[in-house]
Amino acid sequence: MSIKQKFDLSGKVAIVTGSSKGIGLSIARGLAENGAKVVISSRKQDAVDTIAEEFNSSGLEAIGIACHIGDEEQRKALVTKTVEEYGRIDILVNNAAINPFYGPLETSGEEVFDKIMSVNVKAPWLLSNMVQPHMKANESGSIINISSVEGIHPGFRLGLYSMTKSALIMLTKNQAKEWGRYGIRSNVVCPGLIKTKFSESLWSNEKLVAGYNQMVPLQRMAEPDEMAGLVMLLASDAGSYMTGGVYAADGGYLISG
């Protein structure tokens with residue numbers, strides 16, 4: 001097999017959470033373009049159906065399954081319906097996340113902490129646990145958790161979000177350590193500032209963006225598609241010896257300052 005062929009995901013089935021827009025959508029499209037059958041998932045069925053229809057009309061293979069990843073029954077349904085439709089699960093991208101609070105640590109309420117931990121940490125842990133038996137049966141699988149540079153380097157007013165993203169990095173390392181014997185790889189991607197609706201409160205602040213662009217070596221924010229290539233590598237046989245890794249795609253943010 002040539003090195004180029006190792007990027008081919010034909011016959012593979014991928015679930016991407018939070019994939020009706022932003023980074024998740026770009027990742028889902030990249031996986032589908034490389035041959036994977038992709039499950040588009042986010043909270044609203046009409047949103048995932050729209051994306052799945054767009055993919056199918058352009059010759060890609062996808063279905064839409066709505067799932068609020070914070071809801072146990074919906075997580076179960078996501079896995080069950082995927083296996084019913086495609087018979088297997090090879091790739092899980094835990095991308096869905098929330099950041100309902102922007103401010104100092106001491107001003108947040110407990111209910112916000114519980115909500116952000118539930119969606120950003122607990123849900124990826126439980127969803128990964130649910131797909132693990134399917135990957136174990138195939139003696140192969142790739143879990144890709146989407147963290148953030150905020151999980152490595154603390155910023156201001158994003159403390160709770162940073163805590164969850166740091167926890168996701170350690171979850172990844174433990175998955176890699178415990179499940180490698182089953183042929184399951186787990187890696188984590190840490191994006192920098194990406195121009196998505198999720199981060200709009202940051203990049204719509206001109207002063208903040210100017211400061212960011214001045215600080216990072218590449219002197220700009222990223223577009224969502226710039227995260228997809230790294231995920232293609234980690235999902236495919238081209239990255240077959242990569243597990244437990246923490247990979248930043250941040251324009252040099254972590255080496256700045």
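**Close-ups of a predicted model**

**View 1. Strand β4 and its partners.** Three bridges link strand β1 (residues 13-17) with β4, and these two strands run parallel. In this pairing, V16 sits opposite V93 of β4. Keep in mind throughout that this is a predicted model. Strand β4 also pairs with strand β5 (residues 141-146), again parallel, through four bridges. Here I91 has S142 of β5 standing opposite. From β4 the path goes through helix α4 (residues 110-138) to β5, and the three make a right-handed β-α-β unit.

**View 2. The two faces of β4.** In a regular strand, side chains alternate between the two faces of the sheet. So what happens to the two faces of strand β4 (residues 91-94), covered or not covered? Both are covered: I91 and V93 are buried on one side, while L92 and N94 are buried on the other.

**View 3. V93 and the largest nonpolar core.** Zoom in on V93 and you find I15, V16, T17, I27, L31, I144, I146 and V231 touching it, leaving out residues up to four places away in sequence. V93 belongs to the largest nonpolar core, a set of 34 residues in which L31, F55, V93 and I144 touch the most other members. Who supplies this core? At least two residues each come from β1, α1 (22-33), β2 (37-41), α2 (45-57), β4, β5 and α8. There is also a second core, separate from this one, with 21 residues, among them I15, I69, I89 and I143.

**View 4. S162 in its helix.** S162 has its place in helix α5 (residues 159-179). Is this serine buried or exposed? S162 is buried, as its relative accessible area is 10%, and the cut-off for buried is under 20%. Once neighbours within four places in sequence are set aside, the contacts of S162 are E150 and G151.

**View 5. A stacked tyrosine pair.** The count of aromatic pairs in this model comes to one. That pair is Y212 with Y253, and the rings are stacked, at 6.0 Å centre to centre with 20° between the planes. Y212 lies in helix α7 (residues 206-215) and Y253 in the segment after β7 (246-249), so the pair ties together parts 41 residues apart in sequence. Both tyrosines, Y212 and Y253, are buried.

**View 6. A lysine over a ring.** Another tyrosine gets a charged visitor here: K136 lies over the face of Y182, 4.3 Å from the ring centre.

**View 7. Two residues with positive phi.** Most residues other than glycine have a negative phi. E139 goes the other way, with a positive phi of about 60° although it is not a glycine. Where is E139 found? In the loop between α4 and β5. E139 is exposed, given its relative accessible area of 64%. Q219 is another non-glycine residue with a positive phi, near 55°. Q219 is found in the loop between α7 and α8 (228-235). With a relative accessible area of 56%, Q219 is exposed too, since the exposed class begins over 50%.

Methods. Residues are numbered from 1 along each chain as its sequence is written. This is a predicted model: local features need pLDDT of at least 70, side-chain atom pairs count only at pLDDT 80 or more; totals for chains, interfaces and linings use all residues. Side-chain values use heavy atoms; hydrogens and water are left out. Buried means under 20% relative accessible area, exposed over 50%, partly exposed in between (1.4 Å probe, protein chains only). Two strands pair if DSSP finds at least two bridges between them. A crossover is right-handed if, with the strands pointing away from the viewer, the path from the first strand over the helix to the second runs clockwise. Contact means heavy atoms within 4.5 Å. Rings of Phe, Tyr and Trp (its six-membered ring) pair if their centres lie within 6.5 Å; planes under 30 degrees apart count as stacked, over 60 as edge-to-face and the rest as tilted. A charge sits over a ring if NZ of Lys or CZ of Arg is within 6 Å of the ring centre and within 35 degrees of the ring normal. A nonpolar core is a set of buried Ala, Val, Leu, Ile, Met, Phe, Trp, Tyr and Cys residues joined through side-chain atoms within 4.5 Å.
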